[in-house]
Each structure stands twice: as C-alpha cells, then as structure tokens.
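Reader: I am new to this structure and would be grateful for a close look at a single part of it. Please take me through that part and then through whatever connects with it.

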Amino acid sequence: MGDPLDRDAALALDMADPLRAKRAQFALPEGVVYMNGNSLGAAPVAAASGMDRAVCVEWARDLIGSWNLHGWIRAPQRVGASIARLIGAAPDEVVVADTTSVNLFKLLVAACTHRSGRSTILTEPGNFPTDLYIAQGVAATLPGRTVRTVTADRLSEAIDDDTAVVLLTHVHYRTGAMHDMAAITAAAHARGALVLWDLSHSVGALPVDMNGCDVDLAVGCGYKYLNGGPGAPAFLYVAKRLQDQLASPLSGWMGHGTPFAFDDDYVPAQGISRFLCGTPPVLGLAALEAGVAVFDDVSPADLLAKSRALSDHFIEMVEARCAGQGLTLISPRDASRRGSHVSFAHADAYALCQALIARGVVGDFRAPDAIRFGFTPLYLGFEDIWRAVDTLATVLEERAWDRQDYKVRAAVT
Ligand SMILES: Cc1ncc(COP(=O)(O)O)c(C=O)c1O
C-alpha cells in the first residue's frame, strides 16, 4: 500500500481498484464522502427505475394480475436466493420477509421450541439493542426461558447443556469487532445448542459462509450494505436440515403450504417459505432486488480485500494526522478481527460528527461517545478516505465542532 498521507498515492490505488466501476451504479451526491453505508446504504441507480417499473407498469397498468404476471408472489424467495449467494447459503435457504427484529423473533421462538428441554438464550451484553430486546420478549413469552449475557471472551465456555440458542451479531454495530463464526458455531453444536447469527453488519461488505460454518439460523438487514433503501425488508436464513423441523410462531397465511386454498387450519409450507408471514412488501422488494443485483458480478475476495484496505488506510491516516486530538480507536486494529466499519471514541463525538456532515463527510454517532465510519467497498475509494481524514484533521485542529448547534441531538442520531 502507498503512503496513506499522500493524495496521489490514494488516487493511484483507486486507479488499480477492481471495484472502481461500481461507483457509477450509485446515485451519490457530488462532493459527499458517504461513510454510512453500514447504516443506510446509498441508492443504486437501478433502484429508481426498478421502483418506477413496479409502480407505473406493474401496479398502475397490470394491477392485481402482477402477482402472477410479474412474479410478485415469488419475490421473497427470488430475492432471498440472490442474497444466499452472498452468505454462502443454498438458494432455497434464504427468504426476504418482515424486519430484522421480526425475523429474530420468529427464529428465536422456533429455536427455543425446538430445543424445548433447555431454558437459556445466550448472548452478549452490548449486542445491538433490538437483538437483546427481542430475546427478552421471547423469554417473557415462552414459559421458563431466560436471557443470559456473557462477554465475548467467555462466550464459548459459557455454552452449556441448558443453552437452547446462542444469539450473536457477527460484526458488532458499535465497535466493528467480528466474532469467529466457525469456532462459536462449532462450540454451540458440541453442546447441543443452536446458533442464530445477525448478519446485518456483514452481508454485502464481507463474505460469510453459512454452509461452510454449518450455521443453523441467521437474519440480516436489507437497507445497510445491501442498499435496499430506508426500511427495506430483511432476510432470514434457515439451514435446509432444520427447515421442516422448525415452526414459525407467526403462522400467517403466506407461510401456509397452500395459502390460496383458504383452509381454516394452518399447515406450514415445506421449506423456507414457512417462515413468511403476511403479504410481501412488493415495492420494498423491488428496491432491494436492485440493490442486491449490484453484487451479481462482484467477487467476494475483491469485496473483502477492499474493505480491509480502506479501513486499514483510514486508521493509519487518522492516527498520523489526528494524533493528540482526543480520538481513541475502539475497533480492533487487526483487520481480520474487524468488519467493515471503524469507530473512534471522542469526548464530543456527536458534535464532531455533525461538523463532519456539514463538510460533506457522512459518518454517524453511536452513544455514548463513538463516531463510526463505514467502508462500503462498492462506492468508496481511497481518495475519498484521504479527503475524509483531511477534513477530520481540519475540524479537530480548528475545533470547528465546538458549536452549540452541533451539540443539540436530533431524534435520529
Ligand atoms: C445488528 C443489527 N440488527 C438489527 C438492526 C435493525 O433491525 P430492524 O431493521 O428490525 O430495525 C440493526 C440496525 O442498525 C442492527 O445494527
């Protein structure tokens, strides 16, 4: 890698980047360095035309016939199959449905019921709030279940004969720390527990391998690195070997074996479709399908190599240019133990984040004191990173963040 402080070296890295052409497939505003694709992915150019077709042709012209004519009814399975390729799953092991939170509920209840003699959902403190809250809701719903939290360093040894399911987010939303999926899954299986991975901060940024790691269950967001748009539907994965043994607690008609038979009694579909609940969100699926299609010709190895190179470059440059300015790296320094975002703690992280956004460098703040920068390999380049750090250094040197209006927190931080 060239000298990270040198803009020309950054430009040369961009010229040699095999993913360089992907940037043109996104509609980003000129001059903005968008480092928040780990929270809301950028808009793929094709999302607008995909939604336009779904609204103006399929909905407006072909009306209800589009459920069959344009394949709306199979969109959850079709888009799920495209996501499966990104997570090392078979096409019929993934389906798009609901939100990540709702999918967590469905799969956690299914897992606890399947391991009925065991009482514990094991997770870590500081996991993403919805994962913890849903686990707590499941424990409150199912008699005799409890949530146990154990820090990452002691997780594997904490799995025991009473563990029904281990629930973890593969890449931590705040620190970017990445769990060893293969080792934890194997440790859980050795003690007869199931594992549910939340892939929200992995899918679309790093290759993950559901089948290679023998993962039981997974969920993930559609609106982060998959670029499915605000509130995009989420996905869930269930290993084929478990699909017909697990039951969704949300036994809606779209998970029925023959929904259009309109029977009184629920009989689940065979396979992954039983984890659907209600009518598919067709417009959201159209945008997500465009987002996932951007990955069609992307090699997982290129994705990983660029994610690591961008984030290594960023850390090196921040530490060189912003030394003594109150920033402390809270992400693992070793790229092999990190996902695709990097966080620094700063006493005035919120105001600092606002000052950067005002200058076109968009990261985000995570309470209580983290400023988080996401590295989306498809549309960020090395010169972007150079500009982002240059701006960060200037804002810190000039204390440009120290303004009252930058300290007033908005509803969404
Ligand atoms: C790890 C993780 N899980 C889940 C979610 C969100 O779930 P939902 O789409 O249900 O709001 C997020 C959102 O940032 C997340 O970071």
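Author: Asp98 is placed in the loop between β2 (94-97) and α5. In this predicted model, Asp98 has a positive phi of about 50 degrees, although Asp98 is not a glycine. Most residues other than glycine have a negative phi. As for its surroundings, Asp98 is partly exposed, because its relative accessible area is 27%, and the class in question runs from 20% to 50%.

The loop that holds Asp98 leads to α5, and α5 (100-114) is one of the elements that give two or more residues to the shell around the ligand. The other is α6 (129-141). In total, 13 residues surround the ligand, and the closest are Ser101, Asp198, His201, Tyr223 and Lys224. Sorted by class, this shell has three nonpolar, seven polar and three charged residues.

Several contacts with oxygen of the ligand can be described one by one. A backbone N or O atom of Thr100 lies 3.4 Å from an oxygen atom of the ligand. In the side chain of His201, an N or O atom is 2.8 Å from a ligand oxygen atom. For Lys224, a polar side-chain atom lies 2.5 Å from an oxygen atom of the ligand. The ligand on its own has 400 Å² of accessible area, of which the protein covers 84%.

On the other side of α5 in the sequence comes the loop between α5 and β3 (120-123), where Arg118 lies. Arg118 is buried yet has no salt bridge. The nearest side chain of opposite charge is that of Asp161, 4.7 Å away; a salt bridge would require a distance within 4 Å. The side chain of Arg118 does, however, reach the backbone oxygen of Asp160 at 3.5 Å.

The positive phi of Asp98 has a counterpart in Leu63, a residue other than glycine with a positive phi near 45 degrees. Leu63 lies in the loop between α2 (45-59) and α3 (66-69). Another backbone feature is found at Pro368: the peptide bond from Ala367 to Pro368 is cis, with omega near 5 degrees. Most peptide bonds are trans. Pro368 is in the loop between β12 (364-366) and β13 (370-374).

Finally, Met178 may be set beside Asp98 with regard to exposure. Met178 is partly exposed, with a relative accessible area of 22%, and its place is in the loop between β5 (163-169) and α8 (181-190).

Key: Residues numbered from 1 in each chain as written. Predicted model: local features only at pLDDT ≥ 70, side-chain atom pairs only at ≥ 80, totals over all residues. Heavy atoms only, no water. Near = heavy atom within 4 Å. Polar contact = N/O pair within 3.5 Å; in protein donor to acceptor, adjacent residues only side chain to side chain. Areas by Shrake-Rupley, 256 points an atom, 1.4 Å probe, with all protein chains shown as cover. Helix = DSSP H or I, 4+ residues; strand = E, 2+ residues; numbered from the N terminus. Nonpolar A, V, L, I, M, F, W, Y, C, P; charged D, E, K, R; others polar. Buried < 20%, exposed > 50% of the residue type's maximum accessible area, 1.4 Å probe, protein only. Lys, Arg positive; Asp, Glu negative; His and termini not counted.
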